[in-house]
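Look over the model below before reading on. The paragraphs after it are meant to be read with the structure in view.

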Amino acid sequence: MMPGPRFVTLPEIRREAKRRLSREAWNFGAGGAETETTLKRNRRALDRLAIRQDILVDVREIDLRTTLLGVPLSAPIAVAPMGGLVLFHPEGDVEMARGAGLADTLVFLSGATGWPVEAVAAASTGPKMFQLYHMGDRAWVGDLLARVEAAGYLAVCLTVDVQVYGRRERDILARFNPREAMSKAPNPRPPDPSYPARLTWSDVDWLRKATNLPVGLKGVMTPQDARRAVEAGVELVWVSNHGGRQLDHTQATIDALPPIVDAVGGRAEIVIDGGFARGTDVLKGLARGATVVALARAALWGLAADGAAGVARALEIVRDELRTTMALSGQTCAARLEPELVFRVD
Ligand SMILES: Cc1cc2nc3c(=O)[nH]c(=O)nc-3n(C[C@H](O)[C@H](O)[C@H](O)COP(=O)(O)O)c2cc1C
């Protein structure tokens, strides 16, 4: 028998990640804030949606391609930004970007990267965008933005759901401080997530002027804020509750999405994350109006299981599942899925 790929399903990758990681690292990655209601709700809301099954459609050609902010993508999937990656692989952010590049998948580098933005950019052969934590003074952020632009990142997404750091009880209980653990990474100044309690809409205006790159906001959960973001010139609205790691008992992202899509009315592009872990999940996000579905933990388990190769494998499996789901539901173009393709069943 020919040796096949090392991993053949996503649960297998997740199991291997769990086996390899320390209990602290696993809990830091998998956990959420407080009662983890938001974390579970993201998942439950996705599971409550059924996919309509259209039959007798010729599905030999399935087109996964799309564009985000004018950047052509081979699939409507991205790796969401994650800090603390050194806890999951010694080469952390660099290895994650390399893995995403191997799978020709858009990657967002975290503003809490453990590596210089240039080193991560050099490791990736695919499209990349940057997630900003507005930490430190504006001069510091301004310098960082110039480096991000020069290194070839194609957009900047400001994360707005970390005014204060969520109470992640798994870490608190274990007396585990991820910032301390991250200090092993080479980036000289990882930002302090407790800084931005002062962030307001005026910082969004400032950011738009401080960079030539398109600006996004990550952590939008209401149509009111989405509308305001568009009016402020934001080009990418990222529907996210930080994977249940910040505000506990908030809404599931897949349920927050439809009114936001309506409020944005095509004036910005929409990314979503929050519990998306499979091709079926991705299809649901796309059908409800997202341009791109971002995956965090699904890629993280790939990184922990087998470095860049594990990331690439996880992304390939999700892509393969999406293709299969589209074929079996009679869909041929990922960029043209209609909202009625998914519906609530219980
Ligand atoms: C280990 C870990 C680290 C994260 N770090 C960041 C970060 O630095 N910046 C950010 O905007 N979001 C961060 N997030 C949130 C993710 O970008 C994403 O919004 C969230 O995990 C939802 O995706 P998921 O359900 O696929 O995990 C992090 C998530 C995880 C799991």
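The text goes from the whole protein to its barrel, then to its helix contacts, and ends with two loop residues.

The model is predicted. It contains 13 helices and 12 strands. The radius of gyration is 19 Å, and the globule rule gives 20 Å for 346 residues, so the protein is as compact as a globular protein of that length. Along the principal axes, the C-alpha atoms fill a box of roughly 60 × 55 × 40 Å.

Start with the strands. Strands of a sheet pair through backbone hydrogen bonds, and the pairing can be parallel or antiparallel. Which strands make up the closed barrel here? There are 8 strands in the barrel, in the order β4-β5-β6-β7-β8-β9-β10-β11, and their pairing is parallel. From one strand to the next the twist averages 30°. One pair can serve as an example. Strand β6, residues 128-132, runs parallel to strand β7, residues 156-159, and 3 bridges join the two. Within this pair, glutamine 131 is found opposite cysteine 157 of β7.

Next come the helices, beginning with α13. This helix covers residues 297-328 and lies across two strands of the barrel, β4 (77-79) and β11 (292-295). Its direction is at about 170° to that of β4.

Helix α13 also meets other helices. Two packed helices are described by the angle between their axes and by the distance between the axes. For helix α1, residues 10-20, and α13, the axes come within 9 Å and cross at roughly 165°. Angles over 145 degrees count as roughly antiparallel, and therefore α1 is roughly antiparallel to α13. The crossing of α1 past α13 is left-handed. On the α1 side, the contact involves Leu10, Ile13, Arg14, Glu16, Ala17 and Arg20. On the α13 side, the residues include Trp301, Gly302, Ala304, Ala305 and Gly310, and further along the helix Arg313, Ala314, Ile317, Val318 and Glu321. Sorted by class, the residues of this contact are 9 nonpolar, 2 polar and 5 charged.

How do the axes of α12 and α13 cross? Helix α12 spans residues 279-287, and its axis comes within 7 Å of the α13 axis, with a crossing at roughly 65°. The range from 65 to 115 degrees counts as roughly perpendicular, and α12 and α13 are therefore roughly perpendicular to each other. Here the crossing is right-handed. Gly279, Thr280, Val282 and Leu283 of α12 make the contact with Val318, Glu321, Leu322, Thr325 and Met326 of α13. The residues in the contact of α12 with α13 divide into 5 nonpolar, 3 polar and 1 charged. Val318 and Glu321 of α13 appear in the contact with α1 and also in the contact with α12.

A further helix pair is α10 and α11. Helix α10 (residues 223-231) and helix α11 (residues 253-264) have axes that come within 8 Å and cross at roughly 30°. Angles under 35 degrees count as roughly parallel, so α10 and α11 are roughly parallel to each other. α10 passes α11 in a right-handed crossing. The residues in contact are Pro223, Ala226, Arg227 and Val230 from α10, and Pro259, Ile260, Ala263 and Val264 from α11. By class, this contact has 7 nonpolar residues, no polar ones and 1 charged.

Last, consider the backbone in two loops. Most residues other than glycine have a negative phi. Leucine 69 is not a glycine, yet its phi is positive, at about 50°. Leucine 69 sits in the loop between β2 (66-68) and β3 (71-73). Histidine 242, also not a glycine, has a positive phi of about 60°. The loop that holds histidine 242 lies between β9 (236-239) and α11.

Note on methods
Residues numbered from 1 in each chain as written. Predicted model: local features only at pLDDT ≥ 70, side-chain atom pairs only at ≥ 80, totals over all residues. Heavy atoms only, no water. Pairing = 2+ DSSP bridges. Helix = DSSP H or I, 4+ residues; strand = E, 2+ residues; numbered from the N terminus. Axes fitted to C-alpha atoms, helices over the stretch in contact; angles between N-to-C directions. Contact = heavy atoms within 4.5 Å. Left-handed = near helix turned anticlockwise from the far one by under 90°. Nonpolar A, V, L, I, M, F, W, Y, C, P; charged D, E, K, R; others polar. Rg over C-alpha atoms; globule rule 2.2 N^0.38 Å.
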